[in-house]
Amino acid sequence: MSLVGQSVERVDAASKADGTLRYTNDLAFNGLYGAIVRSEVAYGKILSIHFDEAFDFSEFVIVDHRDIEGRNVNAMLTDEQPFLAEKTVRFIGEPILLLAHWSKKMLQEAMKHIHIEYEALEPVLTMQESIDRKHLIYGDDNIFKTIRTVKGEEPDYAHLRSLEKTYTTPHQEQLYMETQRMLARYNNGSIKIIGSMQCPFYVESALYELTGKKIEVEQAPTGGAFGGKEDYPSLMAAFVYLLSRKAKTDVKIVYDRAEDIAFSTKRHPSRLHYKSYFDENGKLHALHIEIKIDGGAYVTLTPVVLARAVLHAAGFYDCEFIKVDASAYATNTPPNGAFRGFGAPQAIFGIERHMDDIARELGCSPVEVRERNLPNSRSVSVTGAKIEEHARLKELFEATREASGFDKKYAANTPYRGIGMALFMHGGGFTGDGEILLASKVWLDLHPDGVVEIKIGSVEMGQGTLTALPQIVADVLGLPMEMVRYHVPNTAQVSDSGPTVASRTVMIVGKLLVEAAESLRDVLGEYGSLSEYLEAVKAYLKENPQSRFQADYRKPDNIQWDEEHFYGNGYDGYSLGCYVAEVEVDPVDYRVHVSNFYAYNDVGQVVNPKMAEGQVEGGVAQGIGYALYERLVHQEGRVRNNHLSDYIVPLAADLPELHIGFLNKDDAPKGLGELPMNGPAAAIANALTHALDTAFDDLTITPEKVEEKCR
C-alpha cells in the first residue's frame, strides 16, 4: 500500500508530547546570556553613549558596530539594514549595543545604567505620512518598491457600471509558540550557531557578510515560525556570534514574549483601492487596482511581498482588462516581513470583498457574481498568463457552494446572522524567476545498512516536514518509514534545498526528492521485499563508491517570466481554496462569533491527510484572528500592546465547527501551508456584511467597529 496519502503518525509526536524534544532553550548551556540595547527614538542621530561610572561594567561583555569584522549589513534584497546602528536609528527598538553576562538579572540592571543621547529627527510614523512625504526618510519619495502591470485592452466604458471602494488590512503578529532565540557554541576560536529558524542557509549567508567566512549553522527544533523566522534569525545569529567571539564562550539570547511582539517583523498593513467596471449582470470588464503597503523602517522582504500581492490582486476571475499600480512605503516603525500568505491575504481580502460589493450594488447574490466571472479556457491572469486552473476552480466553487448550502442560507436573511464566501488561490514556490535563482538541490545518502538519509536544508517548524518528506521518499523506494532518516539540518552537512517558505517544501523540494529517490531505485534494480532491498544495497555499494544521489531544480517549460515588465507565469502551480463562513452577531455587546466554517481546498495529492487538515485548521484560526481579534497598536512609533493580555488572539472556544474538504487528490502536489490563511478574513467580512447589511471594509473588525456600524 502506498505511504503517500496515508495519515502516518508524526515522527516527532511522542517527543513533543512527553517533553523529550529539546528546543534551543532546553539545550545544555553554561555560558553567558545576551541582551540588546535598543533605540528609544523612532528616528534620530546617535550623539553619544554613556556608561554610568558608578556601575561596575567590568564583568560584562559589550559589543557595538566597531566589533564587526566584516560588513555591518543584514543583506536580504538590499544592503541597507545594519546589524547594529552606527550613526542613525530608524525605529524604536533598533539594536545599538549588545551585552552579555552570566546573570540575566544583572543584564537587566546594567541596561538601566547605559544612556544614549540622540538628536531626534521628525519621524514618519504612518503610511499616509509616508505617502504625503511629510519627511523624506528613504530616497526621494519614501517608496521601497513600485510595481505596475497592465493586461488586456481597455473596454468601452460608456455602457458599463462602476464601483469604487477602498479596503484596509492591519499588522498581524505571527505569535509562534517558541519566541525568537539563538545560541552560539564557542570551541577554541570556532563558533557554531544553533537556533530557532526557517532558513539555515539564509543565516549562513548573513554571517558570511558579518564575518567574511562560512559559519556552521544548525537549526534546533523550532516551535512555530509562520514566516517570522525567515529573515529575523539572521539578526539573532549575528548578535550571539559577536558576543561569543568577544567573550570566548557560549552565548544565548532568548526573547520574552513582550520583546518578540514589540520588535520582530509583522504582516504588512495594506490599503487596497479597487475601481471595477461591469455590466448589468455583474460580468467584470475592467479592474483598476491600487495597492499600498507599509514596509516599516527597512526593505527586508517587502518587494516580494508586494509582488505576491499584485499577482493575487484580481484573483482568478475572468476580466478582459486589469491594471495594477502597487507601491511599498517606508515608515519609522519596526520593519515588516514574511508572514504566512506573504501579501496574498491582503490582496485576497480586497478582491473578495469587492466581488461581494458588486453583488450588493446589483442587488443579487454574491455567488451569482462569482459564477459569472469564473475563468474559462481563454482567461488570462493579471500578468497575462493563461489560467490553467479554470476547470479545477469551477469544480471547487460548485462543490463548496453545495456542501455549505450557501444559496438557501443566504436567502434566509436571518437577523444578526450572515454567510460569506471567499474564492481564492495561492501560488506555490518563489515568485517569477525566484526558484531559478535559488537553484535548489537535494541529497539522498545511501548507508550500508540500507537506511536512506535525507540531507537538505528544509526544516521542520511544526508543519510536519519531518514526517511528510520521509513519507515521499519511502513511498518511491517501497520502504518502511523507519528506513528513511531525516534530522534537523546543519549547513555544513546538507544540501541547500532553499528556504522553508512560500509553500514550496512538498511542491518543490518533495518533487526533487522523488527524482533523487527514483535515481536510487533505478540503480538498485528490482526488489520485492525488504530483504531483497538490503541485498541490492549490499551488491550496489560493493561495486559503486557513489552513495549520494542528487537532484537539482530545473525550470519547468511552462514558466516564462519577464521581471522588468512583471509579466508571465508567476508560479509553477497554484493551489485553490473556496471558504464559506457563517457568523452570528450579539446585538447587545456586538461580539462576532464564527459559528460554522467550510474550508474546501484543491492542493493536488495530499501526502498526509491528518497533517493537511491540521494546516487548514491552523490557517483558519489565524484568519479568524486577523479578521476579528488581532490589533497591534502603535503610539508614537512604539508598540503599546506587546503582551498576550492586550494583544488578543482567538482561543479554542472561539473557533467554529470546521468542515474540511480536499478535491483533485490525484493531481501533482501543490502548496498547502499558506493557502488556508488567504481566505478566512474575506469570508468573515462578507458574512458580517450580509448579517448587518452594512459593508465591513477594514480589518480588524472589533466589537467597537461593529457597534459603530450598527448605530
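Start by selecting Ala468, a buried residue whose relative accessible area is 9%. As you look around, keep in mind that this is a predicted model.

**Stop 1: around Ala468**

Show the cartoon, and you will find Ala468 within helix α13, which covers residues 465-477. Next, display the residues touching Ala468. Setting aside the neighbours within four places in sequence, Ala468 is in contact with Val607 and Met611. Now add Arg10 to your selection. How far apart are Ala468 and Arg10 in sequence, and how far in space? They are separated by 458 residues along the sequence, yet their C-alpha atoms are 8.4 Å apart.

**Stop 2: a sheet of strands**

Let's move on to a sheet. Strands of a sheet pair through backbone hydrogen bonds, either parallel or antiparallel. Here you are looking for an open sheet of 5 strands, and its pairing is mixed. Going across, you meet the strands in the order β7-β15-β14-β13-β8. Which strands sit at the edges? Select 143-151 for β7 and 161-169 for β8: these are the edge strands, and each of them pairs on one side only. Turn the view to follow the twist, which averages 10° from one strand to the next.

Now zoom in on β7 and on β15, residues 321-330. These two strands run antiparallel and are joined by 8 bridges. To see a bridge for yourself, select Arg148 and then Asp325 in β15, its bridge partner.

**Stop 3: helices on the sheet**

Keep the sheet on screen and add helix α7, residues 302-312. Helix α7 lies across β7, β14 (284-296) and β15, and runs at about 25° to β7. Then add α8, which also packs on the sheet. The strands touched by α8 are β8, β13 (270-278) and β14, and the direction of α8 makes about 140° with that of β8.

**Stop 4: two helices side by side**

For the last stop, select helix α8 (residues 344-362) together with helix α18 (residues 680-692). Their axes come within 8 Å and cross at roughly 25°. Angles under 35 degrees count as roughly parallel, so α8 is roughly parallel to α18. The crossing of α8 past α18 is right-handed.

Show the side chains to see who makes the contact. From α8, pick Ile348, Phe349, Glu352, Arg353, Asp356 and Arg360. From α18, pick Ala681, Ala682, Ala685, Asn686 and Thr689. What kinds of residue make up this contact between α8 and α18? Colour them by type and you will find 5 nonpolar, 2 polar and 4 charged.

Terms used: Residues are numbered from 1 along each chain as its sequence is written. This is a predicted model: local features need pLDDT of at least 70, side-chain atom pairs count only at pLDDT 80 or more; totals for chains, interfaces and linings use all residues. Side-chain values use heavy atoms; hydrogens and water are left out. Axes are lines fitted to C-alpha atoms, for helices over the stretch in contact, and angles run from 0 to 180 degrees between N-to-C directions. Helices (H or I, at least four residues) and strands (E, at least two) are DSSP runs, numbered from the N terminus. Angles under 35 degrees count as roughly parallel, over 145 as roughly antiparallel, 65 to 115 as roughly perpendicular and the rest as oblique. A crossing is left-handed if the near helix is turned anticlockwise from the far one by less than a right angle, and right-handed if clockwise. Contact means heavy atoms within 4.5 Å. Ala, Val, Leu, Ile, Met, Phe, Trp, Tyr, Cys and Pro count as nonpolar, Asp, Glu, Lys and Arg as charged, and the others, Gly among them, as polar. Buried means under 20% relative accessible area, exposed over 50%, partly exposed in between (1.4 Å probe, protein chains only). Two strands pair if DSSP finds at least two bridges between them.
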